Every structure is written in structure tokens, then in C-alpha cells.
Amino acid sequence: MADPHPEVTRERILNKGVLLFAANGFEGVSMRQVAHAVALTVSALYYHFPDKESLYLSAVEHSFNNCLSSATQAAQTIAEPWQRLTGFIHEFVHTLATNRDFQRLMQWVLLDQDDLRSQALTDQVFAPFFKQITALVNQVAPQQNAHFLAVSILSLMVFPFETSHARRLLPGYTSPQEQPERLTQQIIQLLRHGLVMQ
């Protein structure tokens with residue numbers, strides 16, 4: 001029997017897939033687990049996704065696009081470039097701070113050593129997003145290497161969350177450092193003024 005609402009079912013599968021892949025990574029999730037989580041038979045799940053690889057790519061893309069839509073919009077506003085960069089950084093950091101599933105899913109993605117899967121994710125999900133960042137960086141600092149600076153900005157945003165457990169144990173840690181507004185301010189100050197404040 002055909003699914004009367006395939007788009008609704010697909011959305012349910014992707015939402016549950018994001019949660020499962022965020023908790024367990026690609027290798028730790030089976031199609032049977034996903035089918036069980038959304039109350040489908042395995043064959044019904046294969047009707048929507050031909051294999052786990054395609055489900056994983058679609059789940060990452062679904063999460064990435066949904067969670068970072070506000071950051072993408074901030075980067076595309078008509079505001080002055082530094083304001084756009086500030087808005088982009090704030091929205092990206094806020095997403096990482098408030099959406100643990102997205103944060104954990106991105107950790108798994110970054111740790112994935114499968115070259116073909118990483119290439120597919122880059123082509124399908126990350127490259128268009130990265131091009132937006134490099135275009136914005138080119139407007140803010142046209143004399144700089146846009147690729148390297150964009151990677152550096154992404155690192156400044158992501159690394160505090162990747163290391164949050166260990167960082168809390170280090171000397172000098174204070175809880176306000178977890179606040180998106182504070183982290184955004186620190187990143188922008190570092191980008192605009194470097195280590196030596198005028």
C-alpha cells in the first residue's frame with residue numbers, strides 16, 4: 001500500500017534520523033533502528049531512502065539547512081559587511097549553544113574518515129554554505145586569503161563547543177563564556193583588532 005503522505009513520512013524519518021545519527025554517528029545506526037523509531041517496516045523505509053548512505057546525507061543536509069537558515073539569512077542581509085559577519089557569527093554560535101543534537105551531529109560529521117561520504121557531504125551540504133562565508137569574508141577583508149580566514153572563523157565558532165567539557169576544567173573558565181553574545185563579541189573583537197587592543 002502506497003504512503004498517502006510521503007512528504008510527511010519523509011520529514012519524520014529525517015527528524016528521527018538526525019537524532020539517531022547525532023547520538024551514535026553513521027556507523028552506530030542501522031536502517032532497522034530508524035524504521036523502528038518512526039514505526040515503519042524496513043521495506044517502507046527503503047521506499048523513501050534506498051540505503052543508509054542516502055538517509056545519512058539527507059539527514060545531515062536537513063539538519064544543517066534547518067538549523068543554520070538564520071545564520072545564512074544574516075550573511076545575506078543588506079547591512080554593512082561587518083554587521084552581516086557579526087549577525088552570521090551570532091546566529092551560528094547561538095545554534096551551537098542551544099541545539100545539542102545539531103552540535104553532536106556536526107561532531108560526528110567532522111570525525112568521519114570515509115572519503116566518499118565526506119566528499120558527498122561537502123558537495124551536497126557544505127560547499128554552498130562555505131561559498132557564502134568566503135564571499136562575506138572577501139567583502140570584510142579583501143586583502144586576506146578568504147578560504148583560510150573562513151576556516152579560521154568557523155574554528156573560532158565551533159571549537160569552544162567541541163571542547164566544552166574539558167574547557168570547563170581549565171584555569172580561567174567562567175560560565176559567561178558559554179553565552180552566544182559573549183562569544184560572538186570575543187570573536188569579532190579578535191577579527192577586527194587582533195590580540196592587541198588599541
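**Exercise 1. Which helices do the buried residues of helix 7 pack against?**

Solution, step by step.

- Start by finding the helix. In this predicted model, helix 7 covers residues 100-111.
- Next, pick out its buried residues. They are Phe102, Gln103, Leu105, Met106, Gln107 and Val109.
- Now look at what surrounds them. These buried residues pack against helix 1 (6-24), helix 4 (52-67), helix 6 (81-98), helix 8 (115-140) and helix 9 (146-162).
- Finally, check the length. Helix 7 has 12 residues and reaches 17 Å from its first C-alpha to its last, close to the 16 Å expected at 1.5 Å a residue.

**Exercise 2. Work out how many helices and strands the protein has, and how far its C-alpha atoms extend.**

Solution, step by step.

- Count the elements: you get 11 helices and 0 strands.
- Write them in sequence order and the pattern reads α-α-α-α-α-α-α-α-α-α-α.
- Put a box around the C-alpha atoms, along the principal axes, and its sides come to roughly 70 × 40 × 30 Å.
- Then ask how much is tucked away: 39% of the 198 residues count as buried.
- Turn to the outside. The protein exposes about 11,300 Å², and carbon and sulfur atoms supply 57% of that area.
- Look at the charges too: there are 14 positive and 17 negative side chains, with the centres of the two sets 6 Å apart.
- Last, take the contacts between residues at least 6 apart in sequence: 68% of them join residues at least 24 apart.

**Exercise 3. Is Leu105 buried or exposed, and what is it in contact with?**

Solution, step by step.

- Place the residue: Leu105 lies in helix 7.
- Check its accessibility. Buried means under 20% relative accessible area, and Leu105 has 0%, so Leu105 is buried.
- List its contacts, leaving aside neighbours within four places in sequence: Val18, Phe21, Ala22, Ala59, Val60 and Ser63.
- Zoom in on one of these. Ala22 is 83 residues from Leu105 along the chain, yet their C-alpha atoms are separated by 4.0 Å.
- Now view the pair from the other side. Ala22 is one of the buried residues of helix 1, along with Thr9, Ile13, Leu14, Gly17, Val18, Leu20 and Phe21.
- See what covers that buried set: helix 7 is included, and so are helix 2 (31-37), helix 3 (42-48) and helix 4.
- To finish, follow helix 1 to its end. Helix 1 has 19 residues and reaches 26 Å, close to the expected 27 Å. Just after it, Gly25 takes a positive phi of about 75 degrees.

**Exercise 4. Which residues have the most contacts inside the largest nonpolar core?**

Solution, step by step.

- Take the core as a whole: the largest one has 53 residues.
- Name the best-connected ones: Leu85, Phe88, Ile89, Phe92 and Met157.
- Recall a wider pattern: in soluble globular proteins, nonpolar side chains tend to be buried together.
- Try Phe88, whose place is in helix 6. Its relative accessible area is 2%, so Phe88 is buried.
- Beyond its neighbours within four places in sequence, Phe88 is in contact with Ala71, Ala74, Ala75, Phe129, Ile133 and Met157.
- Move on to Met157. With the neighbours within four places left aside again, Met157 is in contact with Phe88, Ile89, Phe92, Val93, Leu96, Leu183 and Ile187.
- For contrast, pair Phe88 with Leu111: they are 23 residues apart in sequence and 24 Å apart in space, C-alpha to C-alpha.

**Exercise 5. Decide whether Ala39 and Glu181 are buried, partly exposed or exposed.**

Solution, step by step.

- Find Ala39: you'll see it in the loop between helix 2 and helix 3.
- Apply the cut-off for exposed, which is over 50%. Ala39 has 69% relative accessibility, so Ala39 counts as exposed.
- Notice its backbone as well: phi of Ala39 is near 55 degrees, a positive value in a residue other than glycine.
- Now go to Glu181, found in helix 11 (residues 180-193).
- Its relative accessible area is 47%, so Glu181 is partly exposed.
- As a last step, trace Glu181 to Ile89: the two are 92 residues apart in sequence and 9.6 Å apart in space, C-alpha to C-alpha.

How values were computed: Residues numbered from 1 in each chain as written. Predicted model: local features only at pLDDT ≥ 70, side-chain atom pairs only at ≥ 80, totals over all residues. Heavy atoms only, no water. Core = buried A, V, L, I, M, F, W, Y, C linked by side-chain atoms within 4.5 Å. Buried < 20%, exposed > 50% of the residue type's maximum accessible area, 1.4 Å probe, protein only. Contact = heavy atoms within 4.5 Å. Helix = DSSP H or I, 4+ residues; strand = E, 2+ residues; numbered from the N terminus. Areas by Shrake-Rupley, 256 points an atom, 1.4 Å probe, with all protein chains shown as cover. Lys, Arg positive; Asp, Glu negative; His and termini not counted. Charge placed at Lys NZ, Arg CZ, Asp CG, Glu CD. Expected span 1.5 Å × (residues − 1).
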